[in-house]
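Work through the exercises below with the sequence and the 3D view open. Try each task before reading its solution.

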Amino acid sequence: MTTPVCTTASNAAAPRTQTPTYPSFASYVRARRPVLLRTARSLTANPCDAEDLLQTALTKTYVAWERIEDHRALDGYVRRALLNTRTSQWRKRRVDEFACDELPEPEPLPGGDDPAEQQALRDAMWRAIMRLPARQRAMVVLRYYEDLSETQTAEVLDVSVGTVKSAVSRALGKLREDAELGLVR
């Protein structure tokens, strides 16, 4: 018995992968949104701008949905809409810079705090927090930086609410007595 060496012409002519057809615009968006969002992100520097750009392109696609005969070409249509929309946005961009005789001075911040002093205080606070024991540090960060309630903090750390209250109280006492924070204030 011999084994055949070549395949039949019908097997060779079979399509490798079929491009799916989409019964509705919503099903297309659900299926292809991540890929199209990556394309939009490559056209803009800001992820929020990319989402807006994709939304605009999808709106244009939705308006033309009934006119698009070949749904296998939808990705190309949307990519072209992305590119055209981005080009239009770029062309419409205005530069609001005007030559003037004197440079405008920025308004002082309310309270008269210097940004450098604020940064120094933040740095000193983080160094003081890092000197706390790990458990107290975790509770302070969850309560005040992540803005969790005492109950939520207790659930995250798997301790009682009373433990959170007492540990945070002790940690705040240590922070009040911290010598480095006293110098910065």
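**Exercise 1. Classify Trp126 and Tyr145, then describe their ring pair.**

Solution.
- Step 1. Take Trp126. Its relative accessible area is 36%, so Trp126 is partly exposed.
- Step 2. Take Tyr145. Its value is 40%, so Tyr145 is partly exposed as well.
- Step 3. Note the source of the coordinates. This is a predicted model.
- Step 4. Recall the general rule. An aromatic ring pair is described by the distance of the centres and the angle of the planes.
- Step 5. Apply the rule. The ring centres of Trp126 and Tyr145 are 4.5 Å apart, and the planes stand at 35 degrees, so this pair is tilted.
- Step 6. Place the pair. Trp126 belongs to helix 5 and Tyr145 to helix 6, so the two rings tie together parts 19 residues apart in sequence.

**Exercise 2. Describe how helix 5 and helix 6 meet.**

Solution.
- Step 1. Locate the helices. Helix 5 covers residues 115–130 and helix 6 covers residues 134–145.
- Step 2. Get the geometry. Their axes come within 9 Å and cross at roughly 140 degrees.
- Step 3. Name the arrangement. Over 145 degrees would count as roughly antiparallel. The crossing angle makes helix 5 oblique to helix 6.
- Step 4. List the residues. Helix 5 contributes Met125, Trp126, Ile129 and Met130. Helix 6 contributes Arg137, Val140, Val141 and Tyr145.
- Step 5. Sort them by type. The contact has seven nonpolar residues, one charged and no polar.

**Exercise 3. Which residues have the most contacts inside the largest nonpolar core, and which helices supply it?**

Solution.
- Step 1. Start with the whole chain. The protein chain has nine helices and zero strands. Of its 185 residues, 25% count as buried.
- Step 2. Find the core. The largest nonpolar core has 18 residues, and Tyr28, Leu54, Leu58 and Leu82 have the most contacts inside it.
- Step 3. Assign the helices. Helix 2 (25–43), helix 3 (47–63) and helix 4 (74–92) supply at least two residues each. Helix 2 gives the largest share, six residues.
- Step 4. Look around Tyr28. Beyond four places in sequence, Tyr28 touches Tyr22, Arg33, Leu36, Trp65, Leu74, Asp75 and Val78.
- Step 5. Check for another core. A second, separate core has nine residues, including Ala128, Leu132, Leu175 and Leu181.

**Exercise 4. Characterise the pair of Phe25 and Trp65.**

Solution.
- Step 1. Count the pairs. The structure holds four aromatic pairs.
- Step 2. Read the geometry. The rings of Phe25 and Trp65 have centres 5.5 Å apart and planes at 80 degrees, so they are edge-to-face.
- Step 3. Place the partners. Phe25 lies in helix 2, and Trp65 lies in the loop between helix 3 and helix 4, so the pair ties together parts 40 residues apart in sequence.
- Step 4. Test burial. Phe25 has a relative accessible area of 16%, so Phe25 is buried. Trp65 has 9%, so Trp65 is buried too.
- Step 5. Widen the view. Phe25, Tyr28, Tyr62 and Trp65 form one aromatic cluster.

**Exercise 5. Is Lys174 buried, exposed or partly exposed, and which residues does Lys174 contact?**

Solution.
- Step 1. Place Lys174. This residue is found in helix 8 (residues 161–177).
- Step 2. Classify it. A relative accessible area of 41% makes Lys174 partly exposed.
- Step 3. List the contacts. Leaving aside neighbours within four places in sequence, Lys174 contacts Leu132, Pro133 and Gln136.
- Step 4. Compare sequence with space. Lys174 and Ala128 are 46 residues apart in sequence, and 8.8 Å apart from C-alpha to C-alpha.

Definitions and conventions. Residues are numbered from 1 along each chain as its sequence is written. This is a predicted model: local features need pLDDT of at least 70, side-chain atom pairs count only at pLDDT 80 or more; totals for chains, interfaces and linings use all residues. Side-chain values use heavy atoms; hydrogens and water are left out. Axes are lines fitted to C-alpha atoms, for helices over the stretch in contact, and angles run from 0 to 180 degrees between N-to-C directions. Helices (H or I, at least four residues) and strands (E, at least two) are DSSP runs, numbered from the N terminus. Angles under 35 degrees count as roughly parallel, over 145 as roughly antiparallel, 65 to 115 as roughly perpendicular and the rest as oblique. Contact means heavy atoms within 4.5 Å. Ala, Val, Leu, Ile, Met, Phe, Trp, Tyr, Cys and Pro count as nonpolar, Asp, Glu, Lys and Arg as charged, and the others, Gly among them, as polar. A nonpolar core is a set of buried Ala, Val, Leu, Ile, Met, Phe, Trp, Tyr and Cys residues joined through side-chain atoms within 4.5 Å. Buried means under 20% relative accessible area, exposed over 50%, partly exposed in between (1.4 Å probe, protein chains only). Rings of Phe, Tyr and Trp (its six-membered ring) pair if their centres lie within 6.5 Å; planes under 30 degrees apart count as stacked, over 60 as edge-to-face and the rest as tilted.
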